[in-house]
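Me: I've got a chain here that I'd like to go through with you, one question at a time. Mind taking a look?

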Amino acid sequence: MPLITYRQAINDALAEELSRDESVIIMGEEVAQYNGAYKVTEGLLDRFGPKRIIDTPISEAGFIGLGIGASMLGVRPVMEFMFWSFCYVAFDQMMNNAANVRYMSGGLINCPIVIRGPANGGTAVGATHSHTPENFIANTPGLKVVCPATAYDAKGLMKAAIRDNDPVYVMENTILYNEKWEVPTEEYVIPLGKADIKREGTDISFIAHGRATITALKAAEILQAEHKISAEVLDLRSIRPLDEDAILETVRKTNRVVLVEENKPFCGVGAQIAFLIQDKAFDHLDAPVKRVSALDAPQVYSMPLEKLQIPDADRVVKAALTIL
């Protein structure tokens, strides 16, 4: 299988869906002439033309509203935020309109829109460009939230998102765009809501999503090499729908859990999973559930300080050792 970047995998998914379905279009700031803020849409304007790859004004509420309206009329728009941090400008459109279209129309109108773009910190771009809003969005009924951790997952999940008849919000971790993984050239689609065991283990479970999955895998390697401890890594892939069966299965297998996320701790994704585990698998726990998350503070500009805010493998290993 060819080794390609996370960025290229998403570009391939977009190109394949644009080729497969003429109702798919792409809109956003600089997605056409500039090829996207992180070059994810590179070459698509030349291949598919200006009627399907459309630059918009810098007006998130405006162009997300435009996309929602188009989706209600049979178009499948893929909208790009230059940074997910700018989603707050378009929150009314995203959370009040897109989320409620099917419910408010009694199931008569679909809203097959995809909103995607770079999220999370790690690039020293400061507090207003480093948000992890998956917990806000997953809290809203009617929305689906996807956080791919690898190029393989990014491609397969993006294709599923575009084909879905409900709003799907895909958060791509900025740090991962240049990372490479093996990705098959043949067609594949990864169903939304299916978690994936990235590493089998027997002694403890790390449950993560997005780039935190990569951090958890590094921590598992350290635990194995330095302590002979076998850690299982479960990648959620989707925050909503959430694969509860996969979570409970790994808990029942290892009996110890560390939740790893770049989300903030208060009301974060990990809080929901911790509740799920104590509600449905409490008797299988041999130790309290531990969480390793971003620090509860705005993201700093300083790169060295920012590294202290975001979970790394050492923090995950330390948390694991406290419950083993």
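Me: Which residue in strand 11 does Ile197 stand opposite?

Reply: Keep in mind that this is a predicted model. Strand 9 covers residues 196–199, and Ile197 belongs to that stretch. Three bridges tie strand 9 to strand 11, with the two running antiparallel. Across from Ile197 in strand 11 you'll find Leu234.

Me: And which residue of strand 11 does Ser205 stand opposite?
Reply: This time the partner is strand 10, residues 204–208. Five bridges join strand 10 to strand 11, and they run parallel. Facing Ser205 in strand 11 is Glu232.

Me: Which residues of strand 11 point the other way from Ala231, Val233 and Asp235?
Reply: Strand 11 spans residues 231–235. Ala231, Val233 and Asp235 share one side of the strand, and every residue on either side is buried. Pointing the other way are Glu232 and Leu234.

Me: Is strand 11 largely enclosed or open, and how many of its residues are buried?
Reply: Here a residue counts as buried at under 20% relative accessible area. Strand 11 is largely enclosed by the rest of the structure, because the buried count for its residues is five of the five.

Me: Is Lys290 buried, partly exposed or exposed?
Reply: Lys290 lies in strand 14, residues 290–292. Its relative accessibility is 33%. The buried class stops at under 20% and the exposed class starts at over 50%, so Lys290 counts as partly exposed.

Me: How far apart in space are Lys290 and Thr322, C-alpha to C-alpha?
Reply: In sequence, 32 residues separate them. Even so, Thr322 is among the residues Lys290 touches, along with Val257, Val258, Leu259, Ala319 and Ile323. From C-alpha to C-alpha, the spacing of Lys290 and Thr322 is 8.8 Å.

Me: Zooming out, what radius of gyration does the chain have?
Reply: The C-alpha atoms fill a box of roughly 55 × 40 × 40 Å along the principal axes. For 324 residues, a compact globule would come out near 20 Å, and the chain agrees with that, at 19 Å.

Me: What share of contacts between residues at least 6 apart in sequence joins residues at least 24 apart?
Reply: The chain has 12 helices and 14 strands. Of its 324 residues, 56% count as buried. As for those contacts, the share joining residues at least 24 apart is 81%.

Me: How far apart are the mean positions of the positive and negative charges?
Reply: The chain carries 32 positive and 42 negative charges. Average the positions of each set, and the two means are apart by 1 Å.

Definitions and conventions
Residues are numbered from 1 along each chain as its sequence is written. This is a predicted model: local features need pLDDT of at least 70, side-chain atom pairs count only at pLDDT 80 or more; totals for chains, interfaces and linings use all residues. Side-chain values use heavy atoms; hydrogens and water are left out. Helices (H or I, at least four residues) and strands (E, at least two) are DSSP runs, numbered from the N terminus. The radius of gyration is taken over C-alpha atoms; the globule rule is 2.2 Å times the number of residues to the power 0.38. Buried means under 20% relative accessible area, exposed over 50%, partly exposed in between (1.4 Å probe, protein chains only). Contact means heavy atoms within 4.5 Å. Lys and Arg count as positive and Asp and Glu as negative; His and the chain ends are not counted. The place of a charge is taken as NZ of Lys, CZ of Arg, CG of Asp or CD of Glu. Two strands pair if DSSP finds at least two bridges between them. Lists of a residue's contacts leave out its neighbours within four places in sequence.
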